[in-house]
Amino acid sequence: MIYLDNSATTPTLPAAADRARRYMTEEFFNPAAAYSPAVREERAVNTARKTIAGVINASGDEIIFTSGGTESNNMAIFGALKAMRGQGRIIVGATEHPSVYEPFKGIASQYDVMEAPVDSIGAVDIQKLEEMVTSDTRFVSIMQVNNEVGAINDAETIRRTIKKKAPGALLHMDGVQGFLKVPFDARYCDFYSISGHKFHGPKGVGALYARSGVKFAGGQIGGGQEKNLRSGTTNTPGIMGMEAAVRDYLENLSEYRARMRSCKLHLAEMLTSLPDVLLNGPAVEAGAPHILNASFLGVRGEVLLHALEEKEIYVSTGSACSAHKKGKNRILNAMGITGERQEGAIRFSFSPMNTMDEMDRTAEVIASTITMLRRFKRR
């Protein structure tokens, strides 16, 4: 099997799974309890906060544990807006993940919601963003890494652009595809979302960075956990497993990033040597190290996906959260990629576990498959 859909999810590291299991079967106590084993567990959870915070130059008390990227994104949006008074302008990137894009569509009748366009490589157009920002802009949400083509948005530039006209505006960045893969400094945003299963942690756990001092109402209410910002019994096994995955990445950070980029560059070189194959997004060496998007003209992406599946090579045609939605690809549309080029688009996403031999095999299978599919289509 060759797994090249790591932006959808990643296999949990054995060390992360083992640690999660330990906190299910041995250290199973509720950290909110008052006796010593529970207090010990609470300390472990707070250590995990510091580990995650350290990756983005934040402090542990700015990390709120959640169930994953969707909850973190939703909480950042609704928790910030709930704490605000009055109305105003909200700006959302045109290529945001559905867990950001859809909430803003839902509140368009209450706020002046504007959609920030992206350029042809999938990064937010800074000049057009600047034109959109007004003095009453309250909240801006822009993803760190485009989850379909790997374009990187620079938080420092975006923050500076916003603050020129709207010093009080808050900036949220969806870091689900960027965390650990691309360097990031939380000083340049107010909220930052992560999801454990995107970097070999367990599913069902994530975190939200919320800048200290920012007015924020949080999410779920009830038990008062997470400083009363996100109630619910602490998912200690998930958090411990996620921390184990973070620590593994940090111990091998340069090597992991280099491995993913090498796979990406190698596969890109082989694919572009084939006829009628075009790459989408930024220059291969400029984008995130783990995402490559290519269009195979004359072939439907979904058909190619299933043909590769028969050979046990797993890829995607875009975000997993949009995989069952019919119609045009909103992300590629926003980039101006339409028609046959959009129809034939495939996303390859890598992990440090992928190898060069897998890239060679994938390119070999794709070469023979697209030749066969194009002949079939012409008939």
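Is Ile56 buried or exposed? In this predicted model, Ile56 has a relative accessibility of 3%, and since anything under 20% is classed as buried, Ile56 counts as buried. The residue sits in the loop between H2 and S2. Leaving aside residues up to four places away in sequence, Ile56 touches Phe179, Phe184, Asp185, Ala186, Tyr192 and Tyr209. Going along the chain, Gly69 comes 13 residues from Ile56, and their C-alpha atoms are 16 Å apart.

Ile56 also helps line a cavity, so to speak of its surroundings is to speak of empty space as well. Rolling a probe the size of a water molecule over the atoms shows where empty space is left. Applied to the whole structure, the search turns up two cavities of 30 Å³ or more. The second largest cavity holds about 30 Å³ of space. Along with Ile56, its lining is made up of Ile52, Ile63, Phe179, Tyr192, Ile194, Ala207, Leu208 and Tyr209. Strands S7 (191-195) and S8 (206-210) are the elements that give two or more residues to this lining, and S8 has the largest share, with three residues. By residue class, the lining of the second largest cavity comes out as nine nonpolar, no polar and no charged. Three of the lining residues, Phe179, Tyr192 and Tyr209, are also among the contacts of Ile56.Strand S8 deserves a closer look. Five of its five residues are buried, which leaves S8 mostly covered. In a regular strand the side chains alternate between the two faces of the sheet. For S8, one side carries Gly206, Leu208 and Ala210 and the other carries Ala207 and Tyr209, with both faces covered. S8 pairs with S7 in the antiparallel sense over five bridges, and within that pairing Ser193 has Leu208 as its bridge partner. S8 also pairs with S2, again in the antiparallel sense, over four bridges. Here Ile63 stands opposite Tyr209, while Thr66 stands opposite Gly206. Strand S2 itself covers residues 63-66, with Ile63 and Phe65 pointing one way and Ile64 and Thr66 the other. Every one of these S2 residues is buried.

The largest cavity is found elsewhere in the list of residues, with about 50 Å³ of space. Its lining consists of Val149, Lys264, Leu279, Asn280, Pro282, Ala283, Val284, Ile291, Leu292 and Asn293. The elements giving two or more residues to that lining are strand S9 (277-280) and strand S10 (291-296). S10 gives the most, with three residues. Sorted by class, the lining of the largest cavity has seven nonpolar residues, two polar and one charged.

Back towards the N terminus, Ala38 lies in helix H2, which spans residues 36-55. Its relative accessibility is 0%, so Ala38 counts as buried. Not counting residues up to four places away in sequence, Ala38 touches Phe29, Asn30, Pro31 and Ala33. Glu27 is 11 residues from Ala38 along the chain, with 8.4 Å between the two C-alpha atoms.

Helix H4 (residues 98-106) offers another buried stretch, with Pro98, Ser99, Val100, Tyr101, Pro103 and Phe104 as its buried residues. Their cover comes from several parts of the fold, including helix H3 (69-83) and helix H11 (330-334). Strands contribute too, among them S3 (89-93), S4 (112-116), S5 (137-141) and S6 (170-174).

As for the overall picture, the secondary structure of the protein chain amounts to 13 helices and 12 strands. The radius of gyration is 21 Å, close to the 21 Å that the globule rule gives for 379 residues, so the chain is as compact as a globular protein of that length. Taken along the principal axes, the C-alpha atoms fill a box of roughly 70 × 55 × 35 Å. Buried residues account for 56% of the 379 residues. Of the contacts with a separation of 6 or more, 72% are between residues 24 or more positions apart.

Notes: Residues numbered from 1 in each chain as written. Predicted model: local features only at pLDDT ≥ 70, side-chain atom pairs only at ≥ 80, totals over all residues. Heavy atoms only, no water. 1 Å grid on protein atoms, 1.4 Å probe; cavity = no way out; pocket = protein on both sides within 12 Å on 5 of 7 lines; lining within 4 Å. Points joined across faces, edges and corners; volume = space filled by probe spheres on them. Nonpolar A, V, L, I, M, F, W, Y, C, P; charged D, E, K, R; others polar. Buried < 20%, exposed > 50% of the residue type's maximum accessible area, 1.4 Å probe, protein only. Pairing = 2+ DSSP bridges. Rg over C-alpha atoms; globule rule 2.2 N^0.38 Å. Contact = heavy atoms within 4.5 Å.
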